[in-house]
Amino acid sequence: MPFTSATRSIRNYRFQTAFPVERRTETIDEHGLSVVTTKTIQGMRGVITAGGDNALRRGADEQHMTKVLSVVTQFPLRGPAPGFQADVIQYRGDRFVVTQLDDYVAWGAGWVQATCESMDTVDKAPAKEGC
């Protein structure tokens, strides 16, 4: 089977979306409490698509809709590691934490795919278009 690289297609700006990434550093203070410092990195690019179950779940006194994204990028996204919390993607006004990270070297050198779940209690409503 011949090797096929999707790098050229994924690098096409028509498929990519620019998004900021929050890189979170975690330290322990003198009282033994976690202190998280966030640095926002602007201008990252990748292909963002729906990534999982976005179904409405209704309970007796609440309803909740999980939003899940799949992000394919060459930016080295980070999951939880000693001294760090998982990266956060900002997309369309909502914040999504990296919950799964896969190395996609078959797509080309440096590519990763991240599954990201919304960490906002209430996500923003979709923007109206063409009304």
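Contact here means heavy atoms within 4.5 Å. In that sense leucine 56 touches Gln63, His64 and Met65, when residues up to four places away in sequence are not counted. The structure discussed here is a predicted model, and the paragraphs below move from this local site to the strand pairing, the salt bridges and the nonpolar core.

**The surroundings of leucine 56**

Leucine 56 belongs to strand 3, which spans residues 56-58. Its relative accessible area is 44%, and because the partly exposed class lies between 20% and 50%, leucine 56 is counted as partly exposed. Threonine 66 is 10 residues away from leucine 56 in sequence, while the C-alpha atoms of leucine 56 and threonine 66 are separated by 7.2 Å in space.

**Strand pairing**

Strand 1, residues 17-28, and strand 2, residues 34-50, are paired in the antiparallel sense through 11 bridges. Within this pairing, threonine 17 has glycine 46 of strand 2 as its bridge partner. The two strands form a hairpin with five residues between them, and in the turn glycine 32 adopts a positive phi of about 80 degrees. Strand 2 is also joined to strand 5, residues 68-73, by five bridges, and these two strands run antiparallel. Here valine 47 has valine 72 of strand 5 as its bridge partner.

**Salt bridges**

Three salt bridges are present in the structure, and the table lists each with the distance between its closest N and O atoms.

| Acidic residue | Basic residue | Closest N and O atoms |
|---|---|---|
| Glutamate 22 | Arginine 95 | 2.7 Å |
| Aspartate 87 | Arginine 23 | 2.7 Å |
| Aspartate 94 | Lysine 67 | 3.0 Å |

Glutamate 22 forms a salt bridge with arginine 95, and this pair links distant parts of the chain, with glutamate 22 in strand 1 and arginine 95 in strand 7 (residues 94-103), 73 residues apart. Glutamate 22 has a relative accessible area of 6% and is buried, whereas arginine 95, with a relative accessible area of 29%, is partly exposed.

Aspartate 87 forms a salt bridge with arginine 23. Because aspartate 87 lies in strand 6 (residues 84-91) and arginine 23 in strand 1, this pair ties together parts that are 64 residues apart in sequence. Both aspartate 87 and arginine 23 are buried.

Lysine 67 forms a salt bridge with aspartate 94, and this pair again links distant parts of the chain, since lysine 67 is in the loop between strand 4 (63-65) and strand 5 while aspartate 94 is in strand 7, 27 residues apart. Lysine 67 counts as partly exposed at 26% relative accessibility, while aspartate 94 counts as buried at 2% relative accessibility.

**The nonpolar core**

Which residues of the largest nonpolar core touch the most other members? Of its 17 residues, these are Phe19, Val21, Leu77, Ile89 and Cys116. At least two residues of this core are supplied by each of strand 1, strand 2, strand 5, strand 6, strand 7 and strand 8 (112-118), and strand 6 gives the most, with four residues.

Cysteine 116 also has contacts that can be followed by name: leaving aside residues up to four places away in sequence, cysteine 116 touches Lys67, Val68, Leu69, Val71, Ile89, Phe96, Val97, Val98 and Thr99. Among them is Lys67, the residue that forms a salt bridge with aspartate 94. Ile89, another residue touched by cysteine 116, is likewise named among the core residues that touch the most other members.

Note on methods: Residues are numbered from 1 along each chain as its sequence is written. This is a predicted model: local features need pLDDT of at least 70, side-chain atom pairs count only at pLDDT 80 or more; totals for chains, interfaces and linings use all residues. Side-chain values use heavy atoms; hydrogens and water are left out. Two strands pair if DSSP finds at least two bridges between them. A salt bridge is a side-chain nitrogen of Lys or Arg within 4 Å of a carboxyl oxygen of Asp or Glu. Buried means under 20% relative accessible area, exposed over 50%, partly exposed in between (1.4 Å probe, protein chains only). A nonpolar core is a set of buried Ala, Val, Leu, Ile, Met, Phe, Trp, Tyr and Cys residues joined through side-chain atoms within 4.5 Å.
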